[in-house]
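Please look through the following protein model with the sequence at hand. The text after it goes from the whole chain to single helix pairs and residues.

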Amino acid sequence: MAPKFREGDPSTPLLLDCNNNNNSNNGKTGNGSIVHLDDPDPVSSRKLDNPTTNLDTLMHMLNGNLGTGILAMPDAFKNAGLYVGFFGTLAMGVICTHCMHLLVRCSHVLCRRYGRSALSYAEVGYYALDSGPTWAQPLAGAFRTLINTFLVVMQLGLCCVYYLFVAVNLRELLAYADIHVSVLTVLGYLLGPLILLNMVRSLKLLTPTSLTASVLAIAGLAIAFLFLLQDLPHSTTVQPASTWSTLPLYFGTVMYAFEGIGVVLPLENNMANPRDFIAWNGVLNTGMTIVVCLYSAVGFYGYLKYGEQAQGSVTLNLPTDHLLAQLVRLLMAVAVMASYALQFYVPMTILTPPITRHCRHPRCAEYGLRLATVLLTFVLAAIIPNLGTFISLVGAVSTSTLALVFPPLIDLLTRWPQTDRPGRAWTLLKDALIIAFGACGFFFGTAKSLAVIFDAPPH
């Protein structure tokens, strides 16, 4: 039975139905916090064992976005053209950031509406539909499962690309040292360290890893710019706009780059001061401003420098006989490997509860699940035919849906009881346009990426 709240006022504290025995826990949340149902702001009542500071969260935010996607931006611009790619990336960055705000704000509204202190992405979708139109309420459980499925697919897809990226760049580094091995061999050597790294269960304990990854990534990008900015050709040497046929690949790669949607709510839920996350000068806006500027710069100068020769990672375009280029590969490989643990955190929060719920030794079951999932990413990374195309596929299939389609849909459902809210028509139009844009990107981007993969020669 859905909790009761006053129609048209989603910020109203939860009003209990005295005949509903399911509410006898007085709002006990999934993270162990007790929330009084007359608390006007249960989000601020969270009780966390290891809360993260604003700086911790910013480091995780940068770490969650400055992965392999930023290095694929020159390849994305190749599929869009110099100016279409530049202005398109800025526009998509603004839209994605807005959708992240929608998701967090809806989470806060639904926390007040249902007397919860924190919600996951899938729970936000569930409660939004549960309090939405009467005909749609029976679909709430299926919607929650759908969101969780997309989250797991996206995050494990990111992990596979991260894994492959590290192996490819380390192989280039070993070749510079006159050690010639296959990518599969490097993947095998990396398996042990990744297994150990992903046995860390606490987001707080991953903060040093995220800090290290962010510092190394920024250092690697700074050195890479030394190559990108040298002897730049004139802008007329590259296409200002590409053909329509390759734009879906551009869309998929850019959406893959904006990969942080999966970690937004886990990060916000673990903050000591969650209201600071979506303030105008808060963690989200600060982090995404840095990210969008870096994406645009790497894509613009990378494509201008290498043109149609831009590969799935800009590190693969750097000179193979230069020590600084090898240093960039090493820094980015270590940074991405450290970021793997953060991307791995999200699917574990989804898969662990149903697997360990009926086990006599839940901790052992969780570690077994973590081991099996790392092995799965190893197998998938070993059979990925092309880094750039797989990046575009992951972005088109999962990231576009989670970042562009679901947040505005959840926003519309969350606002459903507010029939007399000013600006309702504008909100409906804006959300509908974002949903249509994300859905078009999903269908065309997925179709184009799959066509390229199946037409590619054997790896």
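The paragraphs below begin with the overall fold and then take up helix packing and individual residues.

This is a predicted model. The protein contains 15 helices and zero strands. It has 459 residues, and 56% of them count as buried. The exposed surface comes to about 19400 Å², and carbon and sulfur atoms supply 66% of that area. Among contacts between residues at least 6 apart in sequence, 81% join residues at least 24 apart.

Helix packing can be read pair by pair. Two packed helices are described by the angle between their axes and the distance between the axes. A good starting pair is α6, residues 140–176, and α12, residues 323–356. Their axes lie 8 Å apart, and the helices pack at an angle of about 160 degrees. Angles over 145 degrees count as roughly antiparallel, so α6 and α12 are roughly antiparallel to each other. In this pair α6 passes α12 in a left-handed crossing. The residues of the contact between α6 and α12 divide into 24 nonpolar, six polar and two charged.

One residue of α6 deserves a separate look. Gln 155 is found in helix α6. Is Gln 155 buried or exposed? Gln 155 has a relative accessible area of 0%, and the cut-off for buried is under 20%, so Gln 155 is buried. Leaving aside neighbours within four places in sequence, Gln 155 is in contact with Glu 259, Gly 262, Gln 343, Val 346 and Pro 347. Gly 262 belongs to α10, while Gln 343 and Val 346 belong to α12.

That leads to the pair formed by α10 and α12. Helix α10 covers residues 261–269. The axes of α10 and α12 come within 10 Å and cross at roughly 80 degrees. Angles of 65 to 115 degrees count as roughly perpendicular, and α10 and α12 are therefore roughly perpendicular to each other. On the α10 side the contact is made by Gly 262, Val 263 and Pro 266, and on the α12 side by Leu 342, Gln 343, Tyr 345 and Val 346. By class, the residues of this contact are five nonpolar, two polar and no charged. Helix α12 thus appears in two of the pairs described here, with α6 and with α10.

Pro 266, one of the α10 residues in that contact, can be followed further. With a relative accessible area of 19%, Pro 266 falls under the 20% cut-off and is therefore buried. Pro 266 and Ser 120 are 146 residues apart along the chain, yet their C-alpha atoms are separated by 6.9 Å.

Another pair is made by α4, residues 82–114, and α9, which spans 247–257. The axes of α4 and α9 come within 11 Å and cross at roughly 45 degrees. An angle of this kind falls in none of the parallel, antiparallel or perpendicular ranges, and α4 and α9 are therefore oblique to each other. The crossing of α4 and α9 is right-handed. From α4, the residues Val 84, Gly 85, Gly 88, Thr 89, Met 92 and Cys 96 meet Leu 247, Tyr 250, Phe 251, Val 254 and Met 255 of α9. These contact residues divide into eight nonpolar, three polar and no charged.

A second proline sits further along the chain. Pro 407 is found in helix α14, which runs over residues 387–414. Pro 407 has 0% relative accessibility and so counts as buried. Apart from neighbours within four places in sequence, the residues in contact with Pro 407 are Cys 99, Leu 102, Tyr 121, Thr 401 and Leu 402. Pro 407 and Val 104 are 303 residues apart in sequence and 9.1 Å apart in space, C-alpha to C-alpha.

Two aspartates in loops complete the tour. Asp 178 is found in the loop between α6 and α7. The phi of Asp 178 is near 65 degrees, a positive value in a residue other than glycine. Exposed means over 50% relative accessible area, so Asp 178, at 61%, counts as exposed. Asp 231 lies in the loop between α8 and α9. Phi of Asp 231 is near 50 degrees, again a positive value in a residue other than glycine. At 71% relative accessibility, Asp 231 counts as exposed.

Technical notes
Residues are numbered from 1 along each chain as its sequence is written. This is a predicted model: local features need pLDDT of at least 70, side-chain atom pairs count only at pLDDT 80 or more; totals for chains, interfaces and linings use all residues. Side-chain values use heavy atoms; hydrogens and water are left out. Axes are lines fitted to C-alpha atoms, for helices over the stretch in contact, and angles run from 0 to 180 degrees between N-to-C directions. Helices (H or I, at least four residues) and strands (E, at least two) are DSSP runs, numbered from the N terminus. Angles under 35 degrees count as roughly parallel, over 145 as roughly antiparallel, 65 to 115 as roughly perpendicular and the rest as oblique. A crossing is left-handed if the near helix is turned anticlockwise from the far one by less than a right angle, and right-handed if clockwise. Ala, Val, Leu, Ile, Met, Phe, Trp, Tyr, Cys and Pro count as nonpolar, Asp, Glu, Lys and Arg as charged, and the others, Gly among them, as polar. Buried means under 20% relative accessible area, exposed over 50%, partly exposed in between (1.4 Å probe, protein chains only). Contact means heavy atoms within 4.5 Å. Accessible areas come from the Shrake-Rupley method with a 1.4 Å probe; for residues, only the protein chains shown count as cover.
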